[in-house]
Amino acid sequence: MKDKLDELRSKAISELDSIDAPSDLDSWRVRYLGRKSALTQVLRGLATLPLEEKRSVGAAANELRAFLEKSLALKEESVRESEVARSIERGRLDVTLPGRPPALGRLHPATQMLRHICDIFLSMGFEVVEGPDVEWEYYNFDALNIPPDHPARDMWDTLWIDFETEDGQRPMLLRTHTSPMQIRVMESRLPPVRVIVPGKVYRYEATDATHEAIFYQIEGFAVDRNITLADLKGTLFEFAKQLFGEERKVRFRCDYFPFVEPGVEMAIDCFACNGAGCSLCSGSGWIEILGAGMVHPDVLRRVNYDPEVYTGFAFGLGVERMSMLKYGIEDIRLFYSNDLRFLRQF
Ligand code: PHE
C-alpha cells in the first residue's frame, strides 16, 4: 500500500509540474484529490483495514493529501503569476522601435506663391501689413477716387454686406481689391512708407478658367520724397526677374485705374516661347502680370500727405495668376477644388 501511495505521489507531482494553464489545474485537482480519486478511495477504505495497517496507511495517505493540496496551492500561485507576466508581455510597448512617421502635409500652392512673392519684396525693404476682408465702401471705393456714380465701380462686381446704417445706407462690402489698405496705412503713418499687403479679395463673379469669386492679391506701395516712375519700373522689373527668371524682359503700357496717375499695366515677355508667340501668350509674345501707377495726388491729399512734397507708386497683382503663369496651370478653379492630385504637385 505504501508503494502505491509513493507511486501516486510521483505521478501526481510530475503531472502538476508540466501544467501551465489554469483550466488544467482544475482537472488535476479532480483527478488526484476529487471524490473519485485513488487517494480518496484509499482514505475511505481505511476502516476496513486491520488496526496496525490503518494507522500507518492512514498517516501516510493523510500526509500525501496535505502534500498534494499544498503543491496545488503553490502551483496555482505560480501559474497566476506567469499569466500576468504573459499579459504584460503581450501589451508591451517597445520604445526602441522606430516611430510611425506622421503623414506630412504641405502648404497650398497659392500660399506658397504668396510667401514667395512676399519674400522677394521683403528683400527689397518692404514691410508686410494685413487688412480687413470686410471693408467700408469708403476705403474700397471713395477714398480711391471711385465715387458712387463713377463708372469704375462697374468694373468690380461687388459683394455687399447686409448691414444698414441709420440713414439706410449699406456701406460695407467684401473688399474687391487690396488697394483700400493704401488708405488705411497712410492714414495711420507718416511717410516714408514701403508696404506690401497680401490678402484675399472677393468679387461677385461667375467663375471660369480665369476668374474666381475669391482669390489672393498682393498690393504694394511706396511713398516718400522723390519717388518717380523709374522707381516703380525698377522695383517691378527686379520682382519679375526674381520670380520668372533673370532673362525676362518687361513692358509697361498705359492703363487706367482711378487712384493712380499715370496708370500702367506691366507685361513680361512670354517665358514659354521667349516672345515668339504661343498659346500661353495668345500669340502676342507678352503676358500681362499686374496693374500699377503713381499714387494719385488726390489720394495723397485725402490722407494729409502733401503731393507737392511726397510722391509714390502702387501696384496690385493676382497671386494665383502668378502661379498659373509660372507653372502652366490652365484653370484657376483647380486652386480651390481640393483635388489632392493637383495639390500634391506643389
Ligand atoms: N487694385 C487694382 C485691381 O484690383 C490693381 C492696382 C493696384 C492697380 C495698385 C494700380 C495700383 O485691379
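In this predicted model, Ser179 reaches toward the ligand with a polar side-chain atom that ends up 2.9 Å from one of the ligand's nitrogen atoms. His177 does something along those lines too: a polar atom of the His177 side chain lies 3.0 Å from a ligand nitrogen. Gln217 deals with oxygen instead, placing a polar side-chain atom 3.0 Å from an oxygen atom of the ligand. With the protein wrapped around it, the ligand has 91% of its accessible area covered, out of the 330 Å² that it has on its own.

Stepping back to the whole shell, 14 residues surround the ligand. His177, Ser179 and Gln217 are among the closest, and that group also includes Arg203 and Gly316. As for chemistry, the shell is a mix: six of its residues are nonpolar, six are polar and two are charged. The spot that the ligand takes up is the largest pocket.

Where in the fold do these shell residues come from? Three strands each supply at least two of them, namely strand 6 (214-224), strand 9 (286-295) and strand 10 (311-318). Strand 10 is the top contributor, giving three residues to the shell. Gln217, one of the closest residues, falls within the range of strand 6, while Gly316, also on the list of closest residues, falls within that of strand 10.

Zooming out further, the domain assignment splits the protein chain into two pieces, with domain 1 covering residues 2-90 and domain 2 covering 109-343. Their centres, worked out from C-alpha atoms, are 94 Å apart.

The backbone has a few quirks as well. Pro191 and Pro192 are linked by a cis peptide bond, with omega at about 5°. Pro192 belongs to the loop that runs between helix 7 (180-188) and strand 5 (193-202). A cis bond also turns up going from Glu261 to Pro262, this time with omega near 0°. Here the proline is part of a strand: Pro262 sits in strand 8, which spans residues 260-269.

The last oddity concerns phi. Asn145 is not a glycine, yet its phi is positive, at about 65°. Asn145 is found in the loop between helix 6 (137-140) and strand 3 (159-160).

How values were computed:
Residues are numbered from 1 along each chain as its sequence is written. This is a predicted model: local features need pLDDT of at least 70, side-chain atom pairs count only at pLDDT 80 or more; totals for chains, interfaces and linings use all residues. Side-chain values use heavy atoms; hydrogens and water are left out. Domain bounds come from an automatic or database domain assignment. A residue is near a molecule or strand if one of its heavy atoms lies within 4 Å of it. A polar contact is a pair of N or O atoms within 3.5 Å; within protein, one must be able to donate a hydrogen and the other to accept it, and residues adjacent in sequence count only if both atoms are side-chain atoms. Accessible areas come from the Shrake-Rupley method with a 1.4 Å probe; for residues, only the protein chains shown count as cover. On a 1 Å grid over the protein atoms alone, a cavity is a set of points where a 1.4 Å probe fits but cannot get out, and a pocket is an open set with protein on both sides within 12 Å along at least five of seven lines; lining residues have an atom within 4 Å of a point. A molecule sits in a cavity or pocket if more than half of its atoms lie within 2 Å of its grid points. Helices (H or I, at least four residues) and strands (E, at least two) are DSSP runs, numbered from the N terminus. Ala, Val, Leu, Ile, Met, Phe, Trp, Tyr, Cys and Pro count as nonpolar, Asp, Glu, Lys and Arg as charged, and the others, Gly among them, as polar.
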